[in-house]
Amino acid sequence: MFQSGPIGLLASLGVISKIVLFLLLCFSIISWGIILFKWRTFRTVDEEDRRFMAVLTKAKDLDEVARHAQRTSGSPCARIFHGVMERLGHGSGAGRAPYDGDGAPTIDRHVVERTGAHIAQGQIAKLESFLPFLATTGNISPFVGLLGTVMGIIDSFREIGTQGTASIAAVAPGVSEALIATAAGLFAAIPAVIAYNYFLTRIRRAAFHMDSVVVELLALLPAKTKPVASVSPVPVGVKG
């Protein structure tokens, strides 16, 4: 068996061990596909967020930000800006605040904060897509490999009972199955766990940038302070 190479070693495995290795191979292939896809996604998001935030922090008015936001459509921060502007009635290209009958800008800052938070949650949910599969792979792959390990040990004991001896020839096939299944489970789990934790860090960074959008936007938006109506005091002792 050992002289026939990896192909012969795989062919000598039991049915359960082959099923376990096939499942782990599927988990590994899908995990690596998700890792590469999310890495490209986060790289694009970071670049466009950085460009948009550089304009937002230096902008003097909303028109300048709105023009630049149209060129960074892949930025979650730009999507938050567009969403807040549409919620306030600015439209996709205008940067002027709505006015009341007296010509004073009327903007509810609580609406801006709630709208920005709602859109940010949606953008974070998009960034978190497919990450649960990485977490699941990292959690269950060692246990799936452990199943193959247990089956390999069982085969070793069965061969010892059949041959009546604990020689290397009787024990080696089952031990090899156990080691292969264990290694395959770790090979599938370790990259998934590392990538999952790394992408969570990138999501926290993106969430911080999204919060900064609302802060910078509130600094640019005009606000109307409603005058407090004065109430004349009623003289003591005077009855209506």
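Is F199 buried or exposed? Select F199 in this predicted model: its relative accessible area is 2%, below the 20% cut-off, and F199 is therefore buried. The tour returns to this residue after a view of the whole chain.

**The whole chain**

Display the protein as a cartoon. Its secondary structure consists of seven helices and zero strands, and the order of elements from the N terminus is α-α-α-α-α-α-α. Of the 240 residues, 38% count as buried. Among contacts with a separation of 6 or more, 75% are made by residues 24 or more positions apart. Switching to a surface representation shows an accessible area of about 14,200 Å², of which carbon and sulfur atoms hold 65%.

**The nonpolar core**

Next, select F52, F81, M85, V112, L134, M210 and L217. Within the largest nonpolar core, which has 39 residues, these touch the most other members. Colour the contributing elements next: two or more core residues come from each of α2 (15-58), α3 (62-69), α4 (76-87), α5 (109-127), α6 (131-163) and α7. Helix α7 supplies the largest share, eleven residues.

Centre the view on L134. Beyond residues up to four places away in sequence, L134 touches S31, I34, I35, A192, A195, Y196 and F199.

**One face of α3**

Select L62, V65, A66, H68 and A69, which are the buried residues of α3. Looking down the axis of α3, one finds these buried residues within an arc of 165 degrees, so they line one face of the helix. The spacing has a general background: an α-helix has 3.6 residues a turn, so residues three or four places apart point the same way.

**Aromatic pairs**

Now show the aromatic side chains; the structure holds five aromatic pairs. Begin with F37 and F130. Their ring centres lie 6.0 Å apart and their planes stand at 85 degrees, so this pair is edge-to-face. F37 belongs to helix α2 and F130 to the loop between α5 and α6, so the pair ties together parts that are 93 residues apart in sequence. F37 is partly exposed, with a relative accessible area of 45%, and F130 is also partly exposed, at 47%. On F130, inspect the backbone as well: its phi is positive, about 75 degrees, although F130 is not a glycine.

Move to F42 and F199. Here the ring centres are 5.4 Å apart and the planes meet at 10 degrees, so the pair is stacked. F42 lies in helix α2 and F199 in helix α7, so the pair ties together parts that are 157 residues apart in sequence. F42 is buried, with a relative accessible area of 1%, and F199, as noted at the outset, is buried at 2%. Add Y198 to the selection: ring pairs link F42, Y198 and F199 into a cluster.

**R202 beside F42**

Which backbone oxygen does the side chain of R202 reach? Select R202 in helix α7 (residues 168-220) and display the backbone of F42. The side chain of R202 reaches the backbone oxygen of F42 at 3.2 Å. Apart from neighbours within four places in sequence, R202 is in contact with F42, R43 and D46. The relative accessible area of R202 is 7%, and since buried means under 20%, this arginine counts as buried.

For a final view, keep F42, F199 and R202 on screen together: F42 forms the stacked pair with F199, and its backbone oxygen is reached by the side chain of R202.

Conventions: Residues numbered from 1 in each chain as written. Predicted model: local features only at pLDDT ≥ 70, side-chain atom pairs only at ≥ 80, totals over all residues. Heavy atoms only, no water. Helix = DSSP H or I, 4+ residues; strand = E, 2+ residues; numbered from the N terminus. Buried < 20%, exposed > 50% of the residue type's maximum accessible area, 1.4 Å probe, protein only. Polar contact = N/O pair within 3.5 Å; in protein donor to acceptor, adjacent residues only side chain to side chain. Contact = heavy atoms within 4.5 Å. Core = buried A, V, L, I, M, F, W, Y, C linked by side-chain atoms within 4.5 Å. Areas by Shrake-Rupley, 256 points an atom, 1.4 Å probe, with all protein chains shown as cover. Arc of directions from axis to C-beta. Phe/Tyr/Trp six-rings, centres within 6.5 Å; stacked < 30°, edge-to-face > 60°.
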